Amino acid sequence: MHALRNIKFLSAALLCVALIGTAGFHFIEHWSWFDGFYMVLTTLTTIGYGEVHPLSPVGRYFNVAIILAGVALVFLILGALGQALLEFEFNNVFGRRKMEREISRLKGHYIICGAGRVARAVARQLESKPAQFVILENNEVKAERIRAETNWLVVHADATLEAQLIAARIDQAAGLVAATTTDATNTYIILTARALNPTLKIIARASEESAEKHMRTAGADQVVSPYSFAGFRIAEAFLRPHVINFLEVALQRSDELGLELEELTIDPHSVYVGQSLRSSGIRHDLGITVLAIMREGEEMKYSPEPDALLSASDHLIVMGAPAQLRELEVLAGVKK
């Protein structure tokens, strides 16, 4: 980037010298504008066919100045071009190696297949947590552009290929998002990913309602249709505007409300295992509201009673101040 800025500056300076030289030969030697331009061009390119017309002493001094300034700028531009090419190659090679090293260290991360609008929205949300993720994009130009605009790990790769998913450490991933623009591609990605990691949580984007059953059959845990969700969101904004606004603030703009909605899992070694909600002090000591408890093999319990017992691997849906939620995560044994 520094070399490119130098090239722009030097090119502008060279253009100024060319214009000054053309004007100088016109006014000093009374040459035509074309003859002045031709003289400057042969001088700056170091071709030197000879003087267009005999020069006066003043014209010679002026030409010396043009030679010193112009030729120096030409060589400086050539040097800056070489530097820019070296920087580009350096960033290309070492940037790729750095990204490969970062990917090789990923664990418990998310793989986002595709880099469209839905995929980028997922990436921004994961980044805000923060959570580790890598994006696989089949379009090289788009992958390069997003990598240049963000700090995300974006790989030019075909997510339908096993080798590419393995390179993204699918065996160590916490989840995969199939968010390419075509349902057929997403279905194939799900099939490939499920075969590589049977326990992986897979969420897919579906454009057509008919594609949902095929994606679930292929192995998707959840299928989301942006169009259906948008329709639901618009209808609810009419019917229950305050509820929707509250959820939007709590989920996306928690700073405005001072509260967050969070989901956490109780670790088997947590101090809360075996305690009731009342004795745990989650509500009384931390000021956190437990909205629901989800236990494996059971239906979700909404607004649980104070005597409800907490068990290992229970999923809690809670709401409270961010600082208190971070404290609860520590006590619950949440692993980051």
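Biologist: How many salt bridges does the structure hold?

Modeller: This is a predicted model, in which local features need pLDDT of at least 70 and side-chain atom pairs count only at pLDDT 80 or more, while totals for chains, interfaces and linings use all residues. Residues are numbered from 1 along each chain as its sequence is written, and side-chain values use heavy atoms, with hydrogens and water left out. A salt bridge is a side-chain nitrogen of Lys or Arg within 4 Å of a carboxyl oxygen of Asp or Glu. By this rule, the number of salt bridges in the structure is 9.

Biologist: Which residue forms a salt bridge with Glu212?

Modeller: Side chains of opposite charge can pair when their charged atoms come close. The partner of Glu212 lies 4 residues away, about one turn of the helix, and both are in helix α8 (residues 211-218). Helices (H or I, at least four residues) and strands (E, at least two) are DSSP runs, numbered from the N terminus. With the closest N and O atoms 3.3 Å apart, the partner is Arg216.

Biologist: Is Glu212 buried, exposed or partly exposed?

Modeller: Buried means under 20% relative accessible area, exposed means over 50%, and partly exposed is in between (1.4 Å probe, protein chains only). The relative accessibility of Glu212 is 32%, so Glu212 counts as partly exposed.  The salt-bridge partner Arg216, at 40%, also counts as partly exposed.

Biologist: How many residues apart in sequence are the parts tied together by Glu260 and Arg326?

Modeller: Glu260 and Arg326 form a salt bridge, and their closest N and O atoms are 3.4 Å apart. Glu260 belongs to strand β7 (residues 260-265) and Arg326 to helix α13 (residues 322-332), so the parts that the pair ties together are separated in sequence by 66 residues.

Biologist: Which residue of this pair, Glu260 or Arg326, counts as buried?

Modeller: Arg326 has a relative accessible area of 32%, which means that Arg326 is partly exposed. The value for its partner is 16%, so the buried residue is Glu260.

Biologist: Which residue meets Arg295 in a salt bridge?

Modeller: The N to O distance in this salt bridge is 2.8 Å, between the side chains of Arg295 and Asp314. The pair links distant parts of the chain, 19 residues apart: Arg295 is in the loop between β8 (289-294) and β9 (301-302), and its partner is in the loop between β9 and β10 (315-320). With a relative accessible area of 0%, the buried partner is Asp314.

Biologist: Which residues are joined into one network by salt bridges that share partners?

Modeller: Glu260 and Arg326, the pair described above, form a salt bridge. Both are members of the network, which consists of Lys129, Glu260, Glu262, Arg326 and Glu329.

Biologist: Which residues form the positive surface patch?

Modeller: Patches are made of residues with over 30% relative accessible area and no salt bridge; like charges are joined within 9 Å, and nonpolar side chains (Val, Leu, Ile, Met, Phe, Trp, Tyr) within 5 Å. Lys and Arg count as positive and Asp and Glu as negative, while His and the chain ends are not counted; the place of a charge is NZ of Lys, CZ of Arg, CG of Asp or CD of Glu. One member, Arg101, is in helix α3 (residues 57-104). The patch is formed by Arg97, Lys98, Arg101 and Arg105.

Biologist: What is the area of the nonpolar surface patch?

Modeller: Accessible areas come from the Shrake-Rupley method with a 1.4 Å probe, and for residues only the protein chains shown count as cover. The patch is made by Phe34, Phe37, Tyr38, Leu41, Ile47 and Tyr49, with an area of about 670 Å².

Biologist: Which residue is joined to Lys129 by a cis peptide bond?

Modeller: Most residues other than glycine have a negative phi, and most peptide bonds are trans. In this cis bond, omega is about 0°, and the residue joined to Lys129 is Pro130.

Biologist: What is the phi of Arg169?

Modeller: Arg169 lies in the loop between α6 (162-167) and β4 (175-178). Although Arg169 is not a glycine, its phi is positive, at about 60°.

Biologist: What is the radius of gyration of the protein chain?

Modeller: The chain has 13 helices and 10 strands. The globule rule (2.2 Å times the number of residues to the power 0.38, with the radius taken over C-alpha atoms) gives 20 Å for 336 residues, and the chain is more spread out than a compact globule because its radius of gyration is well over that, at 32 Å.
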